[in-house]
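The following exercises are to be worked with the sequence and the model in view. Each task is followed by a solution in steps.

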Amino acid sequence: MKVIIVGGVAGGASCAARLRRLDEKAEIVIIERSGYVSYANCGLPYYIGGVIKDRSNLTLQTPLSFFRRFNIDVRVNHEVIKIVENEKKVIIKNLITNEVFDEYYDKLVLSPGAKPIIPSIKGIDNFKVFTLRTVEDTFKIYDFINKHNPKKAVVIGAGFIGLEMAENLINKNIEVDIVQKGNYIMPVIDEDMSNILSNYLTKNGIRIHLNFDTCSIEPKNEKLIVKSTDDLKVTTDFVILAVGVMPESKLALDINAKLGIKNAICVNNKMQISDDIYAVGDAVMIKHMLTNADAVISLAGPANKEGIVAANNICNINDEYKGSLGSSIMKMFDLTVASTGYNSIQCLQNKFDFDYVILQASSHANYYPNAKSMYIKVLFEKNNGKILGAQIIGFEGVDKKIDVLATAIKFKATAYDLKDLDLAYAPPYSQAKDPINIVGYMIENLLNGLVKQIHWEDLLNHKDAYILDVRTVLEYNKSHFKDAHNIEVDDLRNNLNSIPKDKEILVYCHSGLRSYIACNILQANGYNCYNISGGYSFYENTTLKNCLSEKGKKPCGL
């Protein structure tokens, strides 16, 4: 059996290695357009920033190492320019010599990846405008910085690559402006959580320009002027373009493959286009694990799994790709941002009747030194408590918590399951009441009607409500919500007569715990009350532009 794989990196390389492990006799050929067959795509910004210092560390496998270890024929700087399906052959061009030749296959795997989106912006072809997708792109940016010693950069786009590039450019002592067409950064998370991230990036010296629709990049003397459609301007020495990627699917047109979202290649759950042709990685459309809806998720984890599924089926091992939750995580200076499942916009698009809870937690027991703060937002279905998605921002332990929640969603867990999870505890690592368990309890209380909640953004719909701040007088005097009345939770029972019974009572504290206790007291005394989710700290960090404190807070917020 001869298998030709078009493209390496995550999907193609993992497919090739799995094929060899399953079939020692197969002839396996990888055709890779770039000069690198298997490299750490996600590590590219960190080389530019100097975190990864040796260029060779970006390369996971070379053509020679693939041949020695797996007896796989890897041809870099070669491009498949056409598929002739009825003859089971591909036409290949050597990009160094321009030689064109044919190769025949028994099975063909397409793993062409994705390409950067290049929007219609005047002046975008300037030599000081860079995209970051390949190792070659990385070296161009790195060499430009070393040669020209630029002082300022503009990053267009605020997704993963744009934000990671911004951090690494700051680490190179380059001033950074991020211009984002939308009204918040990192759109895989919700706007409130994004605001926490924005405030933190601003504190770390990154200037963020929202609702900035770039229309031109104009040279002026030695500088570039980045302009928006409403004539806003940012001056810079160079530009990183990071507005997203599109599947590379043009080869699929040769075999009349069906294309889906973003022109991604449609495959079945065995990663097949047809009996003898497969496709994997960023170029394909897959299913979202939560709803089985079509999705394009350009991440290394799914690509690796898809490559293995394709290899298994090529070798007559029945296997199916079950889809992806789009679980992702990103480091920004000392802060970590992670998400899994659906965000609020996706829940609305999929017509879920949903709500969410906000928990301010610490990475481990507060009495053990150096506990770090985090916010956990978990979205759930109202009628059954099924977990739909989660987002976490914090300084330590975020990776552990998001992976637990991703696992919960994969196995269709509900809030009732979260509270029953038996999670490891010791003071240096977590808390006796693990934050994931607490999230389960919070949702369970809502589902069972033991407490009602409201979110800060919904306060305008309750203009006649009585807003009650149950923090200490010291906290209240430092800062409080407009028109809020202050009664400490411990004094609440003695002051019930001062609270009107003919109004809704909206209650908040620092984190949501004391206000929950206050709601218990009020409800027991016949009041119609709502706990404001996330507490005043969430309001400060999302609306008042306060920067999230690294130090973990005790549950009461003190």
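**Exercise 1.** In this predicted model, determine in which sense strand S7 and S8 pair, and over how many bridges.

*Solution.* Strand S7 covers residues 89-94. Its pairing with S8 is antiparallel and comprises five bridges. As a point of reference, Lys-93 lies opposite Val-100 in S8.

Next, place these strands in their sheet. The sheet is open and has three strands, ordered S6-S7-S8, with antiparallel pairing. Strand S6 (78-84) and strand S8 (100-104) are the edge strands, each pairing on one side only. From one strand to the next, the twist averages 30°.

**Exercise 2.** Establish what span helix H7 should have at 1.5 Å a residue.

*Solution.* Helix H7 consists of 15 residues, 300-314. The expected span is 1.5 Å times one less than the number of residues. For H7 this gives 21 Å, and because the end C-alpha atoms are 21 Å apart, the two values agree. After H7 comes Asn-316, with a positive phi near 65°.

**Exercise 3.** Identify what covers the buried residues of H7, and describe how H1 and H7 cross.

*Solution.* The buried residues of H7 include Pro-302, Glu-306 and Val-309. Among the covering elements are helix H1 (9-22), strand S1 (2-6) and strand S9 (107-110).

The axes of H1 and H7 come within 7 Å, crossing at roughly 35°, and the crossing is right-handed. Residues in this contact include Ala-10, Ser-14 and Arg-18 of H1, together with Ala-303, Gly-307 and Ile-314 of H7. Sorted by class, the contact has 10 nonpolar, five polar and one charged residues.

Note on methods:
Residues are numbered from 1 along each chain as its sequence is written. This is a predicted model: local features need pLDDT of at least 70, side-chain atom pairs count only at pLDDT 80 or more; totals for chains, interfaces and linings use all residues. Side-chain values use heavy atoms; hydrogens and water are left out. Two strands pair if DSSP finds at least two bridges between them. Helices (H or I, at least four residues) and strands (E, at least two) are DSSP runs, numbered from the N terminus. Axes are lines fitted to C-alpha atoms, for helices over the stretch in contact, and angles run from 0 to 180 degrees between N-to-C directions. Buried means under 20% relative accessible area, exposed over 50%, partly exposed in between (1.4 Å probe, protein chains only). Contact means heavy atoms within 4.5 Å. A crossing is left-handed if the near helix is turned anticlockwise from the far one by less than a right angle, and right-handed if clockwise. Ala, Val, Leu, Ile, Met, Phe, Trp, Tyr, Cys and Pro count as nonpolar, Asp, Glu, Lys and Arg as charged, and the others, Gly among them, as polar.
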